[in-house]
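This report covers cysteines, aromatic pairs and a surface patch. The sequence and structure come first.

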Amino acid sequence: MTGREVQQVRSFNRFYTNLIGALDYGRHLYTPYTLTEARVLYEISHGHHVDAADLRSSLSLDAGYLSRLLTRFEEGGLITRGPSERDGRRQRITLTEHGRATADFLEERSRDSAGTLLKRLPGPDRSRLLESMTAIRELLGDTPKHPAPVLRLRDPEPGDLGWMVQRNAVLYAREYGFDLSYEALVARIVAEYAERHAPLWDRTWIAELGGERVGAVMCVRDGIEALPQETGGTPPSTARLRLLLVEPEARGRGVGQALVSACVGFAREAGYRELVLWTNSVLSAARVLYERAGFELTAEKPHHSFGRELVGQDWRLPL
């Protein structure tokens, strides 16, 4: 090892930290958060059960610094803290609704920034860059111990529809404060699908990562409450996307995009003229997925449902 080699490493570090705005991350991405704060929010939002000790270990942060940072997050309404389910001596960290929206916003800004960087390069140069990044990580010891889990979309099997009801109810209560009336709505939608779905027009996908269920979505006739023979044989023109769900630990891995793409592709192949959906404005991460797929917001209306004051949204994608 020579002094020249050491200088080259240091020179690259200075170049790259300046390129990604590491020294002034908030201004670089037009956010009020530093790089460390954004990274902590990212780890919390992508973890299934996050303890303060886990954050300290995974991010190599000083315990006192992390404690002060989490206190600021709590005072700002981004997180709540409580005893860990695994060990009562540990602190369990959970994002609030505001925290989830903030983490999603930072994730979107970071993705856009990386995308802008890559767009500057022609295809062959992008490939060279990504291959070089992989080589750096491997050579410096960041090689995964296990291969990345494979994403698979499949048809529902016995028990999957019940799982969709259970996970929707649990996650929407935890992340958005929805009450039991939401679980009742999901149960009706799922039961309606099980009783009246026609394979030509209706389909459900279950997403798996490494063999574990991590997401789901439905694509059904708009008006599935009528059996096909009750419509007089008239082909339906409108499909409806329903019950898009991605488990917290699987977010950021392309699961939601794969589910939405599968729904859009099926609707096109089935001959529908448009795909519509209804959601609520608090589901900011889902909105990003819909916009990327080409959906347009057509209407908004305030309503009181699921124990909350919400703003319902209608989205439409011409096919």
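Is Y290 buried or exposed? With a relative accessible area of 5%, Y290 is buried. The model discussed here is predicted.

## Aromatic pair Y290 and F295

The ring of Y290 pairs with that of F295 in an edge-to-face arrangement. The centres are 5.8 Å apart, and the planes make an angle of 65°. F295 is buried as well, its relative accessible area being 4%. Both rings therefore belong to residues under the 20% limit for burial.

## Aromatic pair W205 and F266

The structure holds 13 aromatic pairs. One of them joins W205 to F266, again edge-to-face, with 5.8 Å from centre to centre and 75° between the planes. This contact links distant parts of the chain: W205 belongs to strand β5 (residues 203-209), F266 belongs to helix α10 (residues 255-270), and the two residues are 61 apart in the chain.

W205 has a relative accessible area of 4% and is buried. F266 counts as buried too, at 11% relative accessibility.

## Aromatic cluster

Apart from these pairs, which residues form one aromatic cluster? The members are Y172, Y176, F178, Y182 and F306.

## Cysteines

How many disulfides does a search of the whole structure find? The search finds 0. C219 is in no disulfide, and the nearest cysteine sulfur to its own, that of C263, lies 3.6 Å away. Seen from the other side, C263 is in no disulfide either, and its nearest cysteine sulfur is that of C219, at 3.6 Å. A disulfide requires the two sulfur atoms to be within 2.5 Å, so this pair does not qualify.

Both cysteines are buried: C219 is at 0% relative accessibility, and C263 has a relative accessible area of 0%.

## Nonpolar surface patch

On the surface, F12, F15, I136, L139 and L140 make a nonpolar patch of about 590 Å². Two elements give two or more residues to the patch, namely α1 (3-19) and α7 (123-139). Among the patch residues, F15 is found in helix α1.

Definitions and conventions
Residues numbered from 1 in each chain as written. Predicted model: local features only at pLDDT ≥ 70, side-chain atom pairs only at ≥ 80, totals over all residues. Heavy atoms only, no water. Buried < 20%, exposed > 50% of the residue type's maximum accessible area, 1.4 Å probe, protein only. Phe/Tyr/Trp six-rings, centres within 6.5 Å; stacked < 30°, edge-to-face > 60°. Helix = DSSP H or I, 4+ residues; strand = E, 2+ residues; numbered from the N terminus. Patch = residues over 30% accessible without salt bridge, like charges linked within 9 Å, V, L, I, M, F, W, Y side chains within 5 Å. Areas by Shrake-Rupley, 256 points an atom, 1.4 Å probe, with all protein chains shown as cover. Salt bridge = Lys/Arg side-chain N within 4 Å of Asp/Glu carboxyl O.
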